[in-house]
There are 4 protein chains.
Amino acid sequence: MIIIMRPDHDEEDLRRIVNRLEDLGLRTHLSRGEHRTIVGAIGDEQVLREMPLESLPGVERVVPILKPYKLVSREFRQEDTVIDVQGQKIGGNQIQMIAGPCAVEGREVVEEIARELVPWGVKFLRGGAFKPRTSPYSFQGFGEKGLKILAAVREQTGMLVVTELMDPRDAVLVCKYADIVQIGTRNMQNFRLLTEVGNIDKPVILKRGMSATIKEFLMSAEYICSEGNQNVILCERGIRTFETETRNTLDISAIPLLKQLTHLPVIVDPSHAVGRADLVPAVARAAIAAGADGLIVEVHVRPEESWSDGPQSLRPPAFGVMMGELRQVAAAVGRTL
Amino acid sequence: MIIIMRPDHDEEDLRRIVNRLEDLGLRTHLSRGEHRTIVGAIGDEQVLREMPLESLPGVERVVPILKPYKLVSREFRQEDTVIDVQGQKIGGNQIQMIAGPCAVEGREVVEEIARELVPWGVKFLRGGAFKPRTSPYSFQGFGEKGLKILAAVREQTGMLVVTELMDPRDAVLVCKYADIVQIGTRNMQNFRLLTEVGNIDKPVILKRGMSATIKEFLMSAEYICSEGNQNVILCERGIRTFETETRNTLDISAIPLLKQLTHLPVIVDPSHAVGRADLVPAVARAAIAAGADGLIVEVHVRPEESWSDGPQSLRPPAFGVMMGELRQVAAAVGRTL
Amino acid sequence: MIIIMRPDHDEEDLRRIVNRLEDLGLRTHLSRGEHRTIVGAIGDEQVLREMPLESLPGVERVVPILKPYKLVSREFRQEDTVIDVQGQKIGGNQIQMIAGPCAVEGREVVEEIARELVPWGVKFLRGGAFKPRTSPYSFQGFGEKGLKILAAVREQTGMLVVTELMDPRDAVLVCKYADIVQIGTRNMQNFRLLTEVGNIDKPVILKRGMSATIKEFLMSAEYICSEGNQNVILCERGIRTFETETRNTLDISAIPLLKQLTHLPVIVDPSHAVGRADLVPAVARAAIAAGADGLIVEVHVRPEESWSDGPQSLRPPAFGVMMGELRQVAAAVGRTL
Amino acid sequence: MIIIMRPDHDEEDLRRIVNRLEDLGLRTHLSRGEHRTIVGAIGDEQVLREMPLESLPGVERVVPILKPYKLVSREFRQEDTVIDVQGQKIGGNQIQMIAGPCAVEGREVVEEIARELVPWGVKFLRGGAFKPRTSPYSFQGFGEKGLKILAAVREQTGMLVVTELMDPRDAVLVCKYADIVQIGTRNMQNFRLLTEVGNIDKPVILKRGMSATIKEFLMSAEYICSEGNQNVILCERGIRTFETETRNTLDISAIPLLKQLTHLPVIVDPSHAVGRADLVPAVARAAIAAGADGLIVEVHVRPEESWSDGPQSLRPPAFGVMMGELRQVAAAVGRTL
């Protein structure tokens with residue numbers, strides 16, 4: 001931690017800070033420049049994070065030196081984390097596709113969709129049984145009935161189930177049916193829910209909050225890991241910006257940046273990022289080219305009848321065309337799909 | 001709902017849409033212009049909100065006509081809602097101050113702070129017993145012990161207690177001690193928590209999500225009201241923008257805008273908006289001048305020792321100076337404080 | 001300047017940096033912590049700003065200590081700058097109103113508007129003769145003919161003229177007629193234009209770019225001052241955010257923040273900030289309460305016939321009501337209007 | 001144009017609007033729904049764009065039906081525009097690389113850089129002779145001397161010259177040396193400069209403003225085309241968001257979206273988008289995968305000595321590795337590089 005003093009500070013201000021730091025077991029290091037005096041605090045930065053040093057008289061600014069996350073950082077673990085989900089690997093050379101409808105709308109339709117995905121080698125089926133909806137008057141999901149449908153389709157097709165958990169009270173229930181538990185963008189800083197999934201034995205997809213910085217995103221992953229669950233998959237899904245032509249703006253540079261900062265796998269949700277089916281394939285290709293370990297894509301046999309997110313769902317023929325393109329791009333970057 | 005057709009649509013596309021709308025019990029209205037054909041759907045727009053009409057062939061764009069919220073809207077209720085909290089009114093001519101530390105850090109310090117607030121006529125004491133913290137390694141609040149401290153200080157001073165609820169599982173516990181339950185910015189779209197507080201008999205302060213639009217903010221209030229709890233107080237607390245000099249950017253125009261769109265009271269949190277104690281008074285004055293019904297402000301006797309949000313906490317003397325200024329501004333806009 | 005080294009740097013990296021800094025006449029200061037080694041550079045930070053130290057091997061991050069602007073800073077000049085415009089002061093205790101139509105649309109209409117403003121004590125008339133318009137097909141202003149109309153109305157009413165300069169080639173022409181030259185939001189980083197107005201002898205209103213940080217805003221003011229023209233008036237006019245209900249989001253905290261960082265006067269344009277006449281008065285009151293030295297407001301006798309920005313123009317009766325309110329708020333903060 | 005009336009409008013309001021529209025030669029179309037009355041205006045929407053219909057009593061909202069740009073739109077011209085620059089095509093199957101230093105810093109260094117680029121088949125050399133710099137104290141470019149260096153290197157290597165124009169007064173000078181004229185992000189809405197380059201006979205690279213919407217970006221291109229210069233190349237270079245880890249956020253979906261809305265070529269500047277050399281290759285691959293027609297990349301032989309933008313400049317070896325990767329990705333999407 002570096003403490004930059006105001007030009008008008010006095011010696012008493014300085015002594016107070018030095019004493020405070022030394023009481024905390026840190027060594028200090030003074031540097032008096034022409035315009036500013038700087039105090040360096042040497043030792044465990046973590047004990048300082050909680051201290052509002054900016055509130056002390058004479059302090060202009062406090063600059064942390066270290067990153068605030070540990071377990072999820074590359075410094076902590078150099079090699080890529082590869083997560084094994086019932087034998088399927090996420091984070092390795094193989095790029096994984098997670099596809100399916102936004103919400104579970106009924107057994108037949110989910111089966112119909114799954115049947116279209118299996119021939120393309122898709123191993124993970126997505127579908128929401130609990131749906132976070134902006135309006136209280138919108139369809140909120142089938143709950144356990146939806147989870148049972150997903151399990152039945154898994155039985156039938158061998159696909160693994162990815163589904164969202166919205167409420168800590170449903171954790172046991174959702175884990176009973178899910179192979180991967182998803183935490184949605186609106187819950188990225190629902191810290192109680194993060195703590196809860198830190199204590200389950202299922203891998204977790206953590207979606208980036210729509211206005212979360214990369215640092216906050218990694219801190220939320222740290223919440224889960226610090227409880228004991230190291231199987232966290234980060235998902236970039238678009239951030240909120242001033243542009244309104246697309247639902248969100250996919251932060252494509254987040255992929256190589258996260259790969260540098262953390263050992264965790266990084267996947268991308270192009271469907272929520274753009275909110276329009278016609279733009280999904282181009283953005284999906286970009287995500288693979290940038291180094292994503294997987295994609296989570298909304299697919300529906302009849303988007304015009306779907307109960308949520310229809311406009312961003314691909315129809316199976318468009319999904320097939322996209323898969324062909326993605327395989328080319330994956331090969332170009334030395335990976336398989 | 002207005003459906004704008006693509007220039008290359010065909011008659012079959014048009015017939016499909018008209019049929020779909022008429023099946024839903026809506027009347028339709030065709031207007032063929034030089035460049036575009038437009039279909040107006042007349043009737044209950046709500047049935048259409050769930051329908052992904054954009055996914056139908058030939059459709060360029062769908063424009064809703066009505067606002068998506070009902071119970072919270074001025075059209076639903078013309079007069080201002082005034083909420084009675086144990087005899088204190090929020091939303092009337094009297095502007096209410098809610099003040100106190102970020103977190104409950106111990107009985108003595110809360111008492112000490114409260115004693116500084118009472119002489120200024122502050123009726124509401126804020127303090128978090130459950131704290132949403134970006135880092136899992138930060139102080140997470142004292143939980144029930146914190147709630148008991150707040151209750152004890154209420155006993156002593158007569159101040160009413162405002163405290164945050166983060167987890168639906170704590171709703172009964174928090175309601176046992178709180179006079180007003182607060183939903184934090186990170187939980188504005190934690191829909192399960194909204195549903196939960198829609199079923200309690202305490203007023204709720206709903207903080208705007210840091211990247212929530214006004215429409216989304218009102219939809220979250222609608223969640224609470226639609227469950228039966230009409231006592232919702234909206235709180236503007238700054239939105240996330242590109243500017244980094246301040247923690248967030250207070251959306252000052254949200255105050256008159258919300259007052260126009262909804263009958264609910266609107267308060268402002270200048271402390272979280274700016275994140276720096278020195279800027280709080282100016283922004284607080286602005287909020288009152290723009291029509292806020294109250295303020296929620298962080299005050300601490302020793303910010304440099306506080307366990308969270310120290311840099312944005314006012315010391316009692318600065319709070320006192322600010323109160324003097326705010327009373328002048330309140331009088332200038334015809335209100336009391 | 002502080003240089004934070006990567007954990008994997010070697011001694012050669014360190015020596016290279018130290019040598020580079022010492023070659024530039026700076027002293028260096030090493031601090032080896034547990035996790036990071038830090039190099040402090042002591043001396044004139046300006047020589048380092050141009051050096052891409054981040055590109056040197058072994059460097060993790062470079063942290064500047066000083067602010068990049070000088071002439072405009074409070075450190076450079078402690079007392080408030082008060083600008084005298086033909087006897088009218090901007091930046092003193094008196095709050096100044098600048099009002100008028102968006103564009104000069106003809107002599108009669110400008111006269112008609114000015115006649116409505118004079119009785120309220122408004123001393124400055126705004127009106128664009130050169131109009132920056134998003135579309136090439138929109139009205140681009142009357143050019144010199146417009147300037148002549150403004151001058152004629154000044155002759156008639158005694159009001160001083162505020163008008164925009166868009167092109168360095170028009171500087172002489174605009175200065176011939178204007179009392180204050182305005183630089184629009186889209187030209188805040190048109191550095192050639194800034195240099196141009198740095199060499200004129202008229203005060204300049206510099207509008208904040210719609211996505212400019214406070215630091216960039218002040219750097220643009222520094223451009224003008226560094227050329228010799230110290231009469232710069234900063235104008236906050238709303239920044240671009242994700243919110244779409246208002247045209248922009250007024251950054252209310254920019255007012256006290258700028259007042260702290262710079263000695264220059266700060267005014268506010270509530271009309272462009274919100275883009276809707278109905279919200280202008282509340283935001284104008286807030287600006288005064290927060291400490292603004294003046295307002296620039298669009299007023300039109302018949303907004304529904306105006307050629308640009310009609311929806312955000314106040315009609316004279318609404319302007320009058322607002323003036324009454326603003327005087328109350330100005331008095332409440334110890335100023336006159 | 002669709003005009004949505006307020007629920008409380010009266011017949012007089014409605015008649016006034018209908019008369020106004022009919023006076024303008026438009027036909028009107030009334031639709032009275034349960035909750036709202038809607039007026040459709042049929043005819044040339046352009047005449048209405050200038051009319052502030054929202055200011056008329058009784059109007060709630062005005063919804064335009066058509067896009068505000070014409071010449072640049074796909075509706076105007078279906079096939080892709082391919083621009084011929086001295087025999088090199090931009091916008092065709094061949095993806096073009098534009099590379100070089102941020103600023104022209106001297107003849108030797110530009111030559112040295114160019115010599116590294118030629119073997120990779122790079123046909124376009126970038127380099128600024130006029131530099132828009134945030135600080136007045138930063139290097140502002142060599143002006144004509146810089147242009148002459150670029151021309152000399154073209155002579156020597158056959159590479160074509162891409163350089164920025166900042167001031168309409170320099171248009172003739174810059175055109176004398178440049179093969180493509182660049183308009184920078186801060187000048188995207190410098191309408192006088194746009195008008196100027198609309199009248200030159202050189203192709204123009206128009207960089208997206210850092211907070212410009214796609215619509216505004218296309219309107220600025222329309223400015224140039226409407227003056228007669230159809231050879232406009234659009235350049236996505238990152239937009240300003242809340243994220244601070246990268247300099248800007250590349251809007252990857254802008255590529256397929258622009259390809260859909262306009263016939264103009266679309267290139268990408270990954271260097272300014274991310275601001276860090278280490279992230280440039282991944283983002284460059286993504287841009288090609290998403291359909292970009294070219295890239296503009298900063299390359300420097302000694303970034304640590306460059307006078308501007310060092311941290312985002314690739315060294316030649318890293319550029320070479322990237323070129324190899326980009327060729328694979330280009331082939332994967334059916335293009336050559």
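A polar contact is a pair of N or O atoms within 3.5 Å; within protein, one of the two must be able to donate a hydrogen and the other to accept it, and residues adjacent in sequence count only if both atoms are side-chain atoms. The points below concern a predicted model.

1. Polar contacts between chains A and C. By that criterion, seven residue pairs are in polar contact between chain A and chain C, with both residues at pLDDT 80 or more. Four strands of chain A, namely β1 (2-5), β2 (27-32), β3 (37-42) and β4 (59-63), each supply at least two residues of the side that touches chain C. The most is given by β2(A), with five residues. Sorted by class, this side of chain A holds eleven nonpolar, seven polar and ten charged residues.

2. Extent of the A and C interface. In this interface, 28 residues of chain A are in contact with 28 residues of chain C. The buried area between the two chains is about 2,000 Å², and carbon and sulfur atoms give 61% of it. On the side of chain A, Arg36(A), Ile65(A) and Phe242(A) supply 23% of the area buried against chain C, more than any other three residues.

3. Salt bridges between chains A and C. Two salt bridges are counted between chain A and chain C. In a salt bridge with Glu75(C), Arg36(A) has its closest N and O atoms 2.7 Å apart. Arg36(A) is also one of the three residues that head the buried area of chain A against chain C.

4. Extent of the D and C interface. Here 49 residues of chain D are in contact with 49 residues of chain C. Chain D and chain C bury about 4,300 Å² between them, and 49% of this lies on carbon and sulfur atoms. Glu50(D), Tyr137(D) and Arg192(D) supply 16% of the area that chain D buries against chain C, more than any other three residues.

5. Polar features between chains D and C. Eight salt bridges are found across the interface of chain D and chain C. One is formed by the side chains of Glu216(D) and Arg240(C), at 2.7 Å from N to O. The same interface has 27 residue pairs in polar contact, both members at pLDDT 80 or more. On the side of chain D that touches chain C, the elements giving two or more residues are α6 (191-197) and α7 (214-226) of chain D. Of these, α7(D) gives the most, with five residues. By class, the residues of this side divide into 18 nonpolar, 14 polar and 17 charged.

6. A covered strand in chain B. In a regular strand the side chains alternate between the two faces of the sheet. Strand β11 (residues 204-207) of chain B is covered on both faces: Val204(B) and Leu206(B) are buried on one side, and Ile205(B) and Lys207(B) are buried on the other. Strand β10 (residues 180-183) of chain B pairs with β11(B) in the parallel sense over three bridges. Within this part of chain B, Ile183(B) has Leu206(B) of β11(B) as its bridge partner.

7. Salt bridges within chains C and D. Over all chains, the whole structure has 122 salt bridges. In chain C, the side chains of Arg302(C) and Glu112(C) meet in one of 3.0 Å, N to O. This pair links distant parts of the chain, 190 residues apart: Arg302(C) lies in the loop between β14 (294-298) and α11 (316-332), and Glu112(C) in helix α3 (residues 107-117). Arg302(C) counts as partly exposed because its relative accessibility is 28%, and Glu112(C) is likewise partly exposed, with a relative accessible area of 26%. In chain D, a salt bridge of 3.2 Å, N to O, joins the side chains of Arg32(D) and Glu11(D). Arg32(D) belongs to strand β2 (residues 27-32) and Glu11(D) to helix α1 (residues 11-23), with their positions 21 residues apart in the chain. Arg32(D) is partly exposed at a relative accessible area of 45%, and Glu11(D) is partly exposed at 48% relative accessibility.

8. A network across chains A and B. Salt bridges that share partners join Asp167(A), Arg169(A), Asp170(A), Arg192(B) and Glu196(B) into one network. Within this network, Arg169(A) forms a salt bridge with Asp167(A), the closest N and O atoms being 2.7 Å apart. Asp167(A) counts as buried because its relative accessibility is 0%, whereas Arg169(A) is partly exposed, at 38% relative accessible area.

How values were computed: Residues numbered from 1 in each chain as written. Chains lettered and ligands numbered in written order. Predicted model: local features only at pLDDT ≥ 70, side-chain atom pairs only at ≥ 80, totals over all residues. Heavy atoms only, no water. Contact = heavy atoms within 4.5 Å. Buried area = accessible area lost by both parts, 1.4 Å probe. Salt bridge = Lys/Arg side-chain N within 4 Å of Asp/Glu carboxyl O. Nonpolar A, V, L, I, M, F, W, Y, C, P; charged D, E, K, R; others polar. Buried < 20%, exposed > 50% of the residue type's maximum accessible area, 1.4 Å probe, protein only. Pairing = 2+ DSSP bridges.
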